[in-house]
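Please open the model in your viewer and keep the selection tool at hand. The stops below go from the whole chain to its parts, and each one says what to select next.

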Amino acid sequence: MSAPGAAIDVRSDVPPVQVEDVTVRFGAITALSGVSFTVEPGTIHAIIGPNGAGKSTMFNVLSGVYKAAEGQVRFGEHRLDRMRPYKIAGIGVARAFQNIALSAGQSVAENLMLGRHHLTKAGFIAAGLRLPLATREGKLHGARVAEIADFLELGEKLHTPVGVLSYGDQKRVEVARALCTEPRLLLLDEPVAGMNAEETHRMAEAILEIRAGLGISVILVEHDMGMVMSLADRVTVLDFGRRIADGTPAEVQRDPEVIRAYLGSGDEIDPSEAAEAAAAGASSSETPGMPS
Ligand SMILES: Nc1ncnc2c1ncn2[C@@H]1O[C@H](COP(=O)(O)OP(=O)(O)OP(=O)(O)O)[C@@H](O)[C@H]1O
């Protein structure tokens with residue numbers, strides 16, 4: 001498994017994501033207030049914070065679901081904050097949702113193939129009639145789907161209906177389907193929510209392998225501080241819609257304002273963990289909360 005911060009070959013067509021002064025309001029509630037951060041190409045960037053901090057709102061802005069009242073989100077020459085969600089796949093941005101949104105009766109392969117819909121020239125009608133171009137294309141896409149399934153250790157389950165898979169496997173299918181769109185930027189909304197320790201460990205490994213193997217950027221929104229600390233290259237911490245910290249995992253974990261925010265929320269940061277993490281340094285994969 002490649003450690004966070006390890007040198008990787010970043011794909012040359014991956015631009016930074018620049019979030020600049022983003023504000024989102026819901027009536028009288030300001031869910032995000034002038035939030036800025038930059039996601040460097042080929043990094044794993046986590047957005048964390050206690051309940052109600054604004055994480056989901058930020059995820060929805062990044063994926064074009066919510067419009068920002070102020071500010072902007074740049075991805076190379078594109079403005080993510082101005083794009084409709086169905087258009088973002090076309091510029092190489094893929095999302096995997098917290099709640100599994102798969103077709104339970106269909107096989108893993110069929111679900112993954114849906115991720116390649118926008119890449120098919122022949123279109124679904126031709127594919128349905130098995131016209132020659134569709135058949136040729138189908139073979140190529142099938143091979144890529146099998147490759148991505150292998151990458152996420154789903155190769156032996158390609159023909160299994162998604163509905164009978166374990167929760168952890170279903171979450172990996174969700175991520176694999178996002179990868180099937182061939183993204184330059186992968187957005188993950190709480191990828192380990194509801195997982196047990198072993199499933200969490202496998203998902204964390206998969207995310208590190210995605211970054212290392214594909215050289216793409218990954219932004220993940222996460223509640224579980226321990227998981228993020230051992231995985232992310234950089235962390236942005238939100239609290240009550242404001243950015244309260246931005247830095248390496250070790251830096252943010254020892255930040256007094258972050259500790260206060262998490263302690264105040266009754267959430268899972270432990271000050272002794274913070275001290276240990278600070279001592280261990282940012283590049284260690286042995287920070288608390290995560291098997292190495
Ligand atoms: N659609 C909405 N309408 C009104 N208020 C909203 C809406 N979505 C979020 N909010 C409010 O915006 C703030 C930020 O919420 P958000 O869901 O982004 O936080 P979060 O960090 O994802 O929280 P959690 O960890 O609990 O999911 C909260 O005060 C929330 O109540």
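Helices (H or I, at least four residues) and strands (E, at least two) are here DSSP runs, numbered from the N terminus. With the whole protein in view, you can count 10 helices and 10 strands. Residues are numbered from 1 along each chain as its sequence is written. This is a predicted model, in which local features need pLDDT of at least 70 and side-chain atom pairs count only at pLDDT 80 or more, while totals for chains, interfaces and linings use all residues.

Next, colour the domains, whose bounds come from an automatic or database domain assignment: domain 1 is 8-92 + 183-280, and domain 2 is 105-182. Where they meet, 14 residues of domain 1 are in contact with 12 residues of domain 2, contact being C-beta atoms, placed from the backbone, within 7 Å. On the side of domain 1 that touches domain 2, the largest share, 6 residues, comes from H6.

Now select H6, residues 197-214. At 1.5 Å a residue, counted over one less than its number of residues, the 18 residues of H6 should span 26 Å, and its end C-alpha atoms are 25 Å apart, which agrees. Buried residues are those with 20 or more other C-beta atoms, placed from the backbone, within 10 Å of their own (12 or fewer is exposed, and in between is partly exposed); in H6 they include Thr200, Met203, Ile207 and Arg211. The buried residues of H6 pack against strands S3 (44-48), S7 (185-189) and S8 (217-222) and helices H5 (167-179) and H7 (225-229). Just after H6, look for Gly215, which takes a positive phi of about 65°.

Which residues does Ile207 contact, leaving aside its neighbours within four places in sequence? They are Ile44, Pro191, Val218 and Leu231.

Widen the selection to the largest nonpolar core, a set of buried Ala, Val, Leu, Ile, Met, Phe, Trp, Tyr and Cys residues joined through C-beta atoms within 7 Å. This core has 76 residues, and Ile207 is among those with the most contacts inside it, as are Ala176 and Leu186. Helix H6 gives the most to this core, with 7 residues, and the core draws at least three residues from each of the two domains.

Finally, select the ligand and the shell around it, made of residues whose C-beta atom, placed from the backbone, lies within 6 Å. Among them are Phe26, Asn51, Lys55, Ser56, Thr57 and His223. Helix H1 (55-62) and strand S2 (29-39) each supply at least two residues of this shell, and H1 gives the most, with 3 residues.

Terms used:
Contact = placed C-beta atoms within 7 Å.
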